[in-house]
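Notebook open, coffee poured. I am going through this one residue by residue and jotting down what I look up.

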Amino acid sequence: ECFPILALGGIPFKLNPAGGFLGSVLLLGLIFSPLGRSELLLPLCHHLLLFQTIPHSDFIMEDESWDSTSSEWEQRCLLGNEIVSFSTSASSEKSEFLDSFHVKFNLSKLRSCLRCLKVTGLFIFGVVCSILFSTYPDHGKSWQMLAVSPLESYSVNLTDVGDSALLKLELAGSLIAGVVNRPQSEEYIVVEVILREELGFRRRRPQQQVILMDYMKIITISINIQAFLQENKVIPLSMTHQYLHADIETQVTIASVILAGVYMLIIFEIVHRTLAAMLGSLAALAALAVIGDRPSLVRVVEWIDYETLALLFGMMILVAIFSETGFFDYCAVKAYRLSRGRVWAMIIILCLFAAFLSAFLDNVTTMLLFTPVTIRLCEVLNLDPRHVLIAEVIFTNIGGAATAVGDPPNVIIVSNQELRKTGMDFAGFTAHMFIGICLILLVSFPFLRLLYCNKKLYNKEPSEIVELKHEIHVWKLTAQRINPASREETAVKCLLMQKVLTLEFLLKKKLKTFQRQISQEDKNWETNIQELQKKHRIADKILLIKCLTVLGFVIFMFFLNSFVPGIHLDLGWIAILGAIWLLVLADIHDFEIILHRVEWATLLFFAALFVLMEALAHLHLIEYIGEQTALLIKMVPEDQRLTAAIILVVWISALASSLIDNIPFTATMIPVLLNLSQDPEVSLPVKPLIFSLAIGACLGGNGTLIGASANVVCAGIAEQHGYGFSFMEFFRLGFPMMLVSCTIGMCYLLVAHVVVGWNS
């Protein structure tokens with residue numbers, strides 16, 4: 001060999017006269033050369049090639065001729081030119097690879113920086129809120145018992161005002177809540193609050209035998225309570241007063257900022273919606289503490305609606321046991337057979353059935369039963385479950401507005417005693433709302449089809465690949481939930497991750513080799529039905545009978561609770577008792593498997609949301625919305641006031657219910673609308689206002705993901721099955737449906753109450 005060893009870039013290479021030199025140099029040179037060395041490497045390799053191909057005279061054998069050597073020289077020159085061109089293309093590919101690598105590296109670096117910034121910012125925010133909440137003590141309320149009569153009034157002077165901006169005064173007793181404007185002929189109580197400011201003198205510390213005096217402002221608040229009764233009797237009352245450090249406008253501004261921050265966290269998916277609600281609750285509690293209205297732990301716990309949480313927990317247990325029977329797979333195959341392979345016919349059937357059932361059941365219960373069936377049906381048919389679930393929950397909210405028991409705002413309206421005195425009964429409310437909801441459904445189905453015209457309901461990949469991806473996702477979730485506290489758990493987690501790697505390798509193999517057009521599956525729906533019926537059967541018929549018996553009794557009790565007032569069990573108790581009965585009948589020994597299927601994140605989200613909404617109500621946000629609505633209605637001329645009132649109440653209720661919980665909003669708006677109807681200067685009938693509130697509060701829940709409880713429950717169950725949808729995915733479909741449905745409902749109310757004059 002001419003040169004036994006060649007140093008290239010600090011790495012020795014042995015030259016090979018047989019022609020294997022170039023591959024080694026190029027390969028190792030491309031790998032080991034630093035950035036920017038490729039241009040220097042290519043000319044060097046070319047010269048080495050030319051130099052290597054010149055043979056030394058000592059290595060020419062006797063039988064070799066110079067002619068053959070010259071022919072080899074020409075061939076090797078051609079080969080060298082080809083290799084040089086190959087090396088040039090390899091160099092360009094390498095530069096493109098390095099550029100893409102730099103871009104990906106910079107993006108990953110940016111993501112990690114943003115993640116650190118997010119965690120740091122949220123942690124500092126949580127610490128600041130915690131410090132503010134712990135710094136301001138719980139002053140409590142100064143309360144006293146008193147008695148008033150027509151002959152004797154009650155008066156008290158408050159002088160410990162300090163630098164407070166607001167006095168909060170509460171009276172408790174045999175009073176009718178929320179009604180201000182009453183006829184003078186009835187019994188009522190007048191509360192008079194007078195603020196006096198006087199200038200006084202304050203003695204300062206004497207200096208050098210001189211006594212200094214300065215002026216100070218003395219603020220005195222006088223409270224006078226007098227009763228106007230038809231008989232000479234004594235009315236016992238309880239009065240509490242509390243000083244706050246912020247006025248109403250400041251509190252409303254703080255509440256609006258907190259609510260906007262929570263929505264920003266949820267919309268952009270900065271954190272999970274449960275953590276966003278918890279951070280919002282902490283911020284609202286800290287704001288209450290700063291203004292002087294810090295609640296105690298007992299009071300905060302009382303804000304949580306345990307009936308809703310008990311209903312969710314009990315129904316989740318029932319559905320978890322029910323899913324073991326294979327009934328959901330069986331229902332999916334039957335629905336596919338009923339639609340004869342037509343996807344849109346099947347979606348319309350599901351949505352109609354969900355809307356009909358939610359008119360008599362609670363929306364949350366309906367989605368707890370429908371979501372597993374829908375997910376299994378879409379898996380069988382290779383559909384994307386997210387689009388079908390969003391359509392289903394939208395029509396569940398629409399159907400729930402049809403009756404007095406279908407949605408919580410309707411229940412609050414019908415159960416109000418003051419509204420019952422105006423003739424608002426169960427039958428009349430249901431008849432009025434049912435007609436309007438039927439019209440809304442007739443328009444909503446074509447509009448839903450229009451929204452879904454560009455949506456691909458089928459999955460792009462074949463069903464085998466989709467199921468394999470879903471299986472990989474489930475195995476990953478299972479491995480993440482294992483806490484390796486012991487050696488056995490660590491071994492199990494390693495086995496699960498090994499299973500994930502095996503499935504991912506199989507997925508890559510199928511993606512390369514398997515291609516099939518999914519649109520041809522609908523043409524062979526009869527063949528698919530036969531295959532699906534063989535594959536998806538009832539797994540445990542005895543357990544199915546037990547589940548159907550208990551679930552049927554629970555649903556029957558739900559109906560009975562709505563129509564028979566003698567049953568002293570609310571929906572939460574019925575669900576909990578049904579779950580206990582089914583756990584006993586099913587003979588469940590491994591209780592942790594059932595508990596793993598409970599949506600704990602959804603339950604915690606609702607608990608945090610209840611605290612957040614109640615705190616925002618204490619910051620006067622909901623009350624402020626109601627008062628501003630009343631002021632807008634009063635500004636309209638009298639001949640157009642009813643039309644403007646219906647339009648304003650529908651749209652303000654819809655937009656507010658899409659942002660905040662519709663239950664406290666409805667409870668706050670009812671007394672506002674009652675006072676508005678009883679005001680002699682306004683002279684509006686109460687029934688059109690209440691029906692407008694019901695339409696807006698029920699249909700407004702379709703506006704956002706957290707606008708209705710059924711939306712959150714459906715999203716939680718779908719996320720547990722690996723098909724979670726984001727806030728924006730729901731918003732792109734739900735908000736246009738909310739706009740259309742509220743427009744149809746508003747037109748129906750205008751025709752019924754303004755044109756026809758029904759119930760006006």
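First thing I wanted to know: is T366 buried or exposed? T366 counts as buried, because its relative accessibility is 0%. My cut-offs for this: buried is under 20% relative accessible area, exposed is over 50%, and partly exposed is in between, with a 1.4 Å probe and protein chains only. T366 sits in helix α10. Leaving out residues up to four places away in sequence, T366 touches A354, L357, S358, L361 and T396. Contact here means heavy atoms within 4.5 Å.

**Ground rules**

I note that this is a predicted model, where local features need pLDDT of at least 70 and side-chain atom pairs count only at pLDDT 80 or more, while totals for chains, interfaces and linings use all residues. Residues are numbered from 1 along each chain as its sequence is written, and side-chain values use heavy atoms, with hydrogens and water left out.

**Overall counts**

I find 27 helices and 8 strands in the protein. These are DSSP runs numbered from the N terminus, with helices being H or I of at least four residues and strands E of at least two. Of the 760 residues, 44% are buried. I also looked at contacts between residues at least 6 apart in sequence: 79% of them join residues at least 24 apart. The protein exposes about 40,500 Å², and carbon and sulfur atoms supply 63% of that. Accessible areas come from the Shrake-Rupley method with a 1.4 Å probe, and for residues only the protein chains shown count as cover.

**Back to α10**

Which helix does α10 cross, and at what angle? Helix α8 (residues 327-338) and helix α10 (residues 363-381) have axes that come within 8 Å and cross at roughly 65°. Axes are lines fitted to C-alpha atoms, for helices over the stretch in contact, with angles running from 0 to 180 degrees between N-to-C directions. The crossing is right-handed, meaning that the near helix is turned clockwise from the far one by less than a right angle. On the α8 side I list F328, D329, C331, A332, A335 and Y336, which meet L369, P372, V373, R376, L377 and L381 of α10.

R376 also forms a salt bridge with E379, the closest N and O atoms being 2.7 Å apart. A salt bridge is a side-chain nitrogen of Lys or Arg within 4 Å of a carboxyl oxygen of Asp or Glu. The two are 3 residues apart in helix α10, so about one helical turn separates them. E379 counts as buried, at 16% relative accessibility.

**More salt bridges**

I count 11 salt bridges in the structure. Side chains of opposite charge can pair when their charged atoms come close. E504 pairs with K476, with 3.1 Å between the closest N and O atoms. E504 lies in helix α16 (residues 487-513) and K476 in helix α15 (residues 463-481), so this pair ties together parts that are 28 residues apart in sequence. Both ends are partly exposed: E504 has a relative accessible area of 26%, and K476 is at 34%.

Another pair I checked is K168 and E170, at 3.7 Å from N to O. K168 is buried at 18% relative accessibility, whereas E170 is partly exposed at 32%. These two belong to a salt-bridge network with D293 and R299.

**A nonpolar patch**

I435, L439, L442, V443, V751, V754, V755, V756 and W758 make a nonpolar surface patch of about 800 Å². Two elements, α14 (426-451) and α27 (727-755), give two or more residues to the patch. The largest share, 4 residues, comes from α14. I435 is in α14 and is partly exposed at 41% relative accessibility. Patch residues have over 30% relative accessible area and no salt bridge; nonpolar side chains (Val, Leu, Ile, Met, Phe, Trp, Tyr) are joined within 5 Å and like charges within 9 Å.

**Loops and a helix start**

Where does E269 lie? E269 is in the loop between α4 (248-267) and α5 (273-291). Its phi is near 55°, positive in a residue other than glycine. E269 is partly exposed, with a relative accessible area of 48%.

D587 also has phi near 55°, and lies in the loop between α19 and α20 (591-596).

Last entry: L571, in helix α19 (residues 571-586). L571 touches E307, L311, D362, F558 and N561, again not counting residues up to four places away in sequence. The C-alpha atoms of L571 and I555 are 9.8 Å apart, with their positions 16 residues apart along the chain.
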